[in-house]
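Dear colleague,

I am handing over the structure below, and I would be glad if you would look through it before reading my notes. What I found follows underneath.

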Amino acid sequence: MKKDRILNAELMRLISSLGHTQTLVIGDAGLPVPKGVPCIDLSVVQGVPSFRDLLAAVAGELVVESAVYAEEADEKNPEIVSFIRRTLPDIPLAVVPHEKFKQMTKDSMGIIRTGECSAYANIILVGGVNF
């Protein structure tokens, strides 16, 4: 369910079409996109837009019930994990191996590709409801 901030029409369509328990992925520039899963590729150059920019914007629009990130990020990219926890402070976070994370992306309603080029800067957001 949509809140009100993002200007990109494709991104807004994805967010507003997400139902309860359906997922969307915010991925770094290297996250593979499974065949058949729509991808909104916002990457311009390395680092633009950043994972942080997209997570903050999407979290401002989407009712998030829970989220998933790869356990490798705890060691390889603790700054991203810290940002995730600050941005989604009251949201339950599941941590799974990166290979399982990639498998989970196959069931998402869409992947938003950023220009992020730091390791394991990916998240699966699970849609919630505002009632």
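**Overall size and fold**

A compact globule of 131 residues would have a radius of gyration near 14 Å, and because the protein chain has 13 Å, the two agree. Please keep in mind that this is a predicted model. Taken along the principal axes, the box filled by the C-alpha atoms of the protein chain is roughly 35 × 30 × 25 Å.

The protein chain contains five helices and six strands, and these follow one another along the sequence in the pattern α-β-β-α-β-α-α-β-α-β-β. If one takes the contacts between residues at least 6 apart in sequence, 88% of them join residues at least 24 apart.

**Surface and charges**

Of the 131 residues in the protein chain, 46% count as buried, while the area that the chain exposes comes to about 6,600 Å², with carbon and sulfur atoms supplying 53% of it. The protein chain carries 13 positive and 16 negative charges, and the mean positions of these two groups lie 3 Å apart.

**One residue in detail**

Thr 105 is found in the loop that runs between α5 (98-104) and β5 (111-113). Is this residue, Thr 105, buried or exposed? Thr 105 has a relative accessible area of 1%, and is therefore buried, since the cut-off for that class is under 20%. Leaving aside residues up to four places away in sequence, Thr 105 touches Val 25, Leu 31, Pro 34 and Val 37, as well as Ile 111 and Ile 124.

With best regards

Notes. Residues numbered from 1 in each chain as written. Predicted model: local features only at pLDDT ≥ 70, side-chain atom pairs only at ≥ 80, totals over all residues. Heavy atoms only, no water. Helix = DSSP H or I, 4+ residues; strand = E, 2+ residues; numbered from the N terminus. Rg over C-alpha atoms; globule rule 2.2 N^0.38 Å. Buried < 20%, exposed > 50% of the residue type's maximum accessible area, 1.4 Å probe, protein only. Contact = heavy atoms within 4.5 Å. Areas by Shrake-Rupley, 256 points an atom, 1.4 Å probe, with all protein chains shown as cover. Lys, Arg positive; Asp, Glu negative; His and termini not counted. Charge placed at Lys NZ, Arg CZ, Asp CG, Glu CD.
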